[in-house]
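Work through the exercises below with the sequence and the coordinates at hand. Each task is followed by a solution in steps.

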Amino acid sequence: MATLMIQQRKDAVTSVELSTLNGESGFLLSPFMLTTEEPCILIAPDECYTVPFDQLSNADWQQRLGQLEPCLHACGTSQDEDGREAYHKAFSRCYEALCEGRVEKVVLARTSFEPLRRHAPYEMFLQACRDYPRMFVALVSTSVSGTWLMASPELLLENEQQSSNRWHTMALAGTMRLEGEQLQFDNPRQDGVQDIRWSQKNIQEQRLVATYVRQCLQRLDAEVEETGPFTKRAADLVHLCSDFHAVTNGTKAVGEIVASLHPTPAVCGLPKWEARELLLRSEPASRHFYSGFCGPLNIDSQTKLFVSLRCMEIGSDGYRLYAGGGLLKDSVEEQEWQETEAKMQTMRRLL
C-alpha cells in the first residue's frame, strides 16, 4: 500500500526527547542526533489517502501528489566534503581508533552532491516505489527538515498484532553487491537455497549488531526470540539480517524502546557513545536526517519505524546523497569507499 499524509492546519510537533513520543500519533521523522536545530518531527496528518501498490498510476493519487509544494532547502556545500581525499582523512582517523581499541566498530558516512536536474520529488518517489518493492520508501517534506527521499531495507521497530507490548526489530549489517547470475537471487528464494557466500568481516559486523540488539531488549526486561542470520536483498545489494521478536512487561513504551536501540551499531558503532563522538569529529559532512529513523507512529494502533537509509536530500540547488559503511580493524579503505558508492546508486539511479 502507498499512503499520502498531509498536515496543513498547524506546524508539525518537534522535540529533542524521544520519551515525548509516548502516547503520540502521526508520521515521525528523526535525525541521526537530536538537537534543537534538528529535532524529531511528528506530522499529525489532517488528511490520509491510501491506494494499493498496483494503483500508483491512479490519476487522483498523482494529482494530489503533484499539487503539493515541497519545502526545499539549499543542500549544496563545498566539494571538499564530498571527495575521495576527505573520505581518506576520515577513514584514517576512524581506523586509528579501531587499531588502538578505542572503538570496536564504527560506521563512517559520506555524502555526494548532484547538480540540479529539476526532477519533481513526487515522480522520483513513485519511481522508487516501482523500483524497490522490498524497501520502505518515504518522501517527507517539512519546513524544519526540508525534503528527503529514502528507500530503507532496515526496520528499527514495529509493534506486532497492534499490541502495546509485542515488538519486532532486526539487526541488519554486512553488505555485498549482486552481480551477474547473483541478480536472480530472490528474498526469500522459492527453493529455499541461500547461495550468497559472506566474508568473515561481514559476518563479524552483523554479529556485533545482533548482540547489541539482543542486549538492548534484554535490558528492557523483554522476552526475546531471535532468528537468523539470513540474507536479505535490497535493490542490487544484499545484507545479513537477524529478526528479533520481543515481549515487554508493559511498562516500557515506544519512546524508551527507540531510545535504547537508536543509534544501533549498524549506523553508528560500538561502544555507542564513543563511536558517535568519533564520528562527530571525523565525518566531513553532517548526516542531518540520514541514519535517523522515520515511519508511522501509533496510527490506527500501528507503529512501524525504519532506519533512514539510502537517503537523498532534495534541495533547491540539487540533490545530496548519503551512505555509510561499517569499519572494523580488518577493513580496507578502497573496499569501504566502493560500498558507499554502491549504496548511493540506489538513489542516484532515480536521477
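The exercises that follow concern a predicted model.

**Exercise 1. Burial of two loop residues**

Determine where S291 and D11 are found, and decide whether each is buried or exposed.

Solution. Start with S291, which is found in the loop between α6 (272-282) and β14 (293-297). The relative accessible area of S291 is 0%; buried means under 20%, so S291 is buried. Next, list the surroundings: leaving aside neighbours within four places in sequence, S291 is in contact with F32, H262, V267, V307 and S308. The side chain of S291 also makes a polar contact of 3.0 Å with the side chain of R287.

Now take D11, in the loop between β1 (2-6) and β2 (13-15). With a relative accessible area of 66%, against a cut-off of over 50%, D11 is exposed. For its position relative to G26, the C-alpha atoms of D11 and G26 are 13 Å apart, with the two positions 15 residues apart in sequence numbering.

**Exercise 2. An enclosed helix and the cores**

Explain why helix α5 is described as largely enclosed, and find what its buried residues pack against.

Solution. First, identify the buried residues of α5: V254, G255, I257, V258, S260 and L261. These are six of the eight residues of the helix (residues 254-261), so α5 is largely enclosed by the rest of the structure. Second, find their partners: the buried residues pack against β9 (155-159), β10 (166-177), α4 (200-219), α6, β14 and β15 (304-307).

Third, place V258 in the largest nonpolar core, which has 54 residues; V258 is among those with the most contacts inside that core, together with L156, L157 and V213. The most is given to this core by α4, with seven residues. A second, separate core has 29 residues, including L4, A235, Y319 and L350.

**Exercise 3. Order and edges of a sheet**

Give the strand order of the open sheet of six strands, and say which strands stand at the edges.

Solution. Reading across the sheet gives β7-β8-β16-β17-β6-β13, with antiparallel pairing. The edges are β7 (136-142) and β13 (269-270); each has a single partner strand, so one side of each is left without a neighbour in the sheet. Helix α3 (residues 121-131) packs on the sheet and touches β7, β8, β16 and β17 (318-327). The direction of α3 makes about 165 degrees with that of β7.

For one pair in detail, β8 (residues 146-152) and β16 (residues 311-314) are joined antiparallel over four bridges. Within this pair, W148 stands opposite E313. Finally, α6 lies across β6 (105-115) and β13, at about 35 degrees to β6.

**Exercise 4. A strand with two partners**

Find which residues of β2 and β3 are bridge partners of L42 in β4.

Solution. Strand β2 runs antiparallel to β4, with three bridges joining them; here V13 is the bridge partner of L42. Strand β3 (residues 26-30) also pairs with β4 in the antiparallel sense, over three bridges, and L28 is the bridge partner of L42. As for the side chains of β4 (residues 40-43), C40 and L42 point one way, I41 and I43 the other way, and all are buried.

**Exercise 5. Length of a helix**

Check whether the span of α7 agrees with what its number of residues predicts.

Solution. Helix α7 (residues 333-348) has 16 residues, which at 1.5 Å a residue should span 22 Å. The end C-alpha atoms are 22 Å apart, so the two values agree. Among the buried residues of α7 are W337, A342, M344 and M347.

Key
Residues are numbered from 1 along each chain as its sequence is written. This is a predicted model: local features need pLDDT of at least 70, side-chain atom pairs count only at pLDDT 80 or more; totals for chains, interfaces and linings use all residues. Side-chain values use heavy atoms; hydrogens and water are left out. Buried means under 20% relative accessible area, exposed over 50%, partly exposed in between (1.4 Å probe, protein chains only). A polar contact is a pair of N or O atoms within 3.5 Å; within protein, one must be able to donate a hydrogen and the other to accept it, and residues adjacent in sequence count only if both atoms are side-chain atoms. Contact means heavy atoms within 4.5 Å. A nonpolar core is a set of buried Ala, Val, Leu, Ile, Met, Phe, Trp, Tyr and Cys residues joined through side-chain atoms within 4.5 Å. Two strands pair if DSSP finds at least two bridges between them. Axes are lines fitted to C-alpha atoms, for helices over the stretch in contact, and angles run from 0 to 180 degrees between N-to-C directions. The expected span of a helix is 1.5 Å times one less than its number of residues.
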